[in-house]
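The following questions ask how particular labels are earned. Each reply sets a value against a cut-off and concludes.

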Amino acid sequence: MSGVLQPFVSLGHWVWGLLVTIVVWIVGHDLAPSVLYAIKVLLLIICIVAPLMVAVAYLTLWERKLIGWMQVRIGPNRVTFFGIRWLGGLAQPVADGLKLLVKEIIVPAGANKFLFVLAPVMAIMPALAAWAVVPFDPELVLANIDASLLYIMAVTSMGVYGIIIAGWASNSKYAFLGAMRSAAQIVSYELAMGFALVGVLMAAQSLNLVEVVRGQQGSYGFLNWFWIPLFPLFLTYLIAGIAETNRAPFDVAEGESEIVAGFHVEYSGMTFAVFFLAEYANMILVSTLCSVMFLGGWLSPFPASWPVLGAPNFLWLLVKVFLVVSTFLWFRATFPRYRYDQIMRLGWKVFIPVALTWIVVLGAWMQTPLWVWWK
């Protein structure tokens with residue numbers, strides 16, 4: 001049994017290691033390795049999904065507070081925990097969640113009820129499934145598979161089906177129009193994101209996300225990260241990720257002044273809340289992938305020779321994700337909404353040509369002595 005529990009000592013595994021040890025102690029006899037592995041995977045899933053849901057909830061609060069500061073407003077400051085005044089606003093996500101939980105779910109009379117309820121599940125499922133291959137440190141990753149990048153591309157491309165089904169199953173012209181606009185936008189920018197990932201594959205010489213981060217290790221801190229040689233692809237991936245999540249200024253699918261919230265106009269209660277959660281979960285996912293593929297993941301931005309700050313740590317990944325996801329909110333408060341033709345032109349006539357051109361430049365660059373981003 002001690003041999004089975006040895007991996008539990010690594011960073012991040014102490015939580016499920018302790019719980020498995022308690023279960024083994026309660027049972028009083030050895031468990032089969034397959035049972036221990038199943039418990040380990042289940043606890044790891046809980047340790048990923050539970051903090052993610054909390055982060056999604058409080059990202060809504062951070063968005064409202066950050067935009068409020070930018071626009072010289074206060075933001076949520078009334079809802080407290082048990083009346084403690086210095087916690088003003090911190091209970092706002094809890095209040096919003098409870099409100100949506102108790103609201104009635106109204107299904108339109110002409111809607112396809114099964115698909116109407118299935119659509120929100122299909123929207124949030126890819127946003128959660130993609131986290132299976134995201135590395136938080138060299139040891140803490142649910143599934144350290146060799147084709148991590150292919151898995152990310154395959155899983156995240158499934159989210160568009162939830163949007164299309166939601167618009168069609170609602171039996172509403174406004175919802176259907178919003179779904180078609182959103183689907184066309186997502187498919188367009190998915191191509192640019194895919195070409196950006198090709199550049200990451202070329203630079204790292206691997207499809208494994210753990211190896212992608214290790215390929216950015218070096219003595220010069222952030223100067224070793226892929227954001228320097230892949231800067232055009234980094235910008236392409238980040239902006240395409242904003243468009244993929246239907247965030248401003250690419251939120252024409254939810255244009256309130258045009259099509260009244262788009263594909264989820266007929267949704268209420270928890271069915272609407274699931275769409276809401278999927279949007280913010282995708283924001284965190286795109287920010288995490290940007291941090292892992294272009295910003296060094298868990299690596300420190302300081303030189304490795306620095307005694308404490310230069311050490312790689314899971315906290316560095318959290319800081320990078322926080323900064324990248326804050327840019328999503330910054331863009332929403334800064335830029336006006338694009339017209340639909342402008343969005344399509346940006347995706348097809350700007351991002352895709354830029355990504356393809358830089359892939360050619362990158363391939364030539366890698367054949368010269370000037371390419372220094374090897375392991």
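Q: Why is tyrosine 267 called buried or exposed in this model?
A: Tyrosine 267 has a relative accessibility of 7%. The model is a predicted one, and buried means under 20% relative accessible area, so tyrosine 267 counts as buried.

Q: Which label does phenylalanine 275 get, buried or exposed?
A: With a relative accessible area of 6%, phenylalanine 275 is buried.

Q: How many aromatic pairs are found in the whole structure?
A: The search finds 23 aromatic pairs.

Q: What makes the pair of phenylalanine 222 and tryptophan 227 stacked?
A: Ring centres must lie within 6.5 Å to pair, and planes under 30 degrees apart count as stacked. For phenylalanine 222 and tryptophan 227 the centres are 6.5 Å apart and the planes differ by 20 degrees, so the pair is stacked.

Q: Why are the rings of tyrosine 267 and phenylalanine 275 given the label they have?
A: Their centres are 5.0 Å apart and their planes meet at 80 degrees. Planes over 60 degrees apart count as edge-to-face, so this pair is edge-to-face.

Q: Are phenylalanine 222 and tryptophan 227 buried, exposed or partly exposed, and why?
A: The partly exposed class lies between 20% and 50% relative accessible area. Phenylalanine 222 has 38% and tryptophan 227 has 25%, so both are partly exposed.

Q: Which residues form one aromatic cluster with Phe222?
A: The cluster is made of Phe222, Trp225, Trp227, Phe231, Phe234, Tyr237 and Phe294.

Q: What makes phenylalanine 114 buried or exposed?
A: The relative accessible area of phenylalanine 114 is 60%. Exposed means over 50%, so phenylalanine 114 is exposed. Phenylalanine 114 sits in helix α5, residues 113-129. In space its C-alpha is 8.5 Å from that of alanine 169, although the two are 55 residues apart in sequence.

Q: Why is valine 141 classed as buried or exposed?
A: Valine 141 has a relative accessible area of 11%, and the limit for buried is under 20%, so valine 141 is buried. Valine 141 is in the loop between α5 and α6.

Q: What makes arginine 64 and aspartate 96 a salt bridge?
A: A side-chain nitrogen of Lys or Arg must lie within 4 Å of a carboxyl oxygen of Asp or Glu. The closest N and O atoms of arginine 64 and aspartate 96 are 3.3 Å apart, so the pair is a salt bridge. The pair links distant parts of the chain, with arginine 64 in helix α3, aspartate 96 in helix α4 and their positions 32 residues apart. Arginine 64 is partly exposed at 36%, as is aspartate 96 at 24%.

Q: How do you know that glutamate 279 and arginine 247 tie together parts of the chain?
A: Glutamate 279 lies in helix α12 and arginine 247 in the loop between α10 and α11, so the pair ties together parts that are 32 residues apart in sequence. Their side chains meet in a salt bridge at 3.0 Å, N to O. Both residues are buried. Glu63, Arg247, Glu279 and Arg332 are linked in a network of salt bridges.

Q: Why are arginine 345 and aspartate 341 separated by about one helical turn?
A: The two are 4 residues apart in helix α14, residues 340-365. An α-helix has 3.6 residues a turn, so residues three or four places apart point the same way. The side chains of arginine 345 and aspartate 341 meet in a salt bridge at 3.9 Å, N to O, where the cut-off is 4 Å.

Q: Where is serine 172 placed relative to α8, and what distance is given?
A: Serine 172 caps the N-terminal end of α8, with a side-chain oxygen 3.4 Å from the backbone nitrogen of tyrosine 174. Helix α8 has 32 residues and reaches 46 Å from its first C-alpha to its last, close to the 46 Å expected. Just after α8, glutamine 205 takes a positive phi of about 60 degrees.

Q: How many helices and strands does the protein chain have?
A: The chain has 14 helices and 0 strands, and buried residues make up 47% of its 375 residues.

Key
Residues are numbered from 1 along each chain as its sequence is written. This is a predicted model: local features need pLDDT of at least 70, side-chain atom pairs count only at pLDDT 80 or more; totals for chains, interfaces and linings use all residues. Side-chain values use heavy atoms; hydrogens and water are left out. The expected span of a helix is 1.5 Å times one less than its number of residues. A polar contact is a pair of N or O atoms within 3.5 Å; within protein, one must be able to donate a hydrogen and the other to accept it, and residues adjacent in sequence count only if both atoms are side-chain atoms. Rings of Phe, Tyr and Trp (its six-membered ring) pair if their centres lie within 6.5 Å; planes under 30 degrees apart count as stacked, over 60 as edge-to-face and the rest as tilted. Buried means under 20% relative accessible area, exposed over 50%, partly exposed in between (1.4 Å probe, protein chains only).
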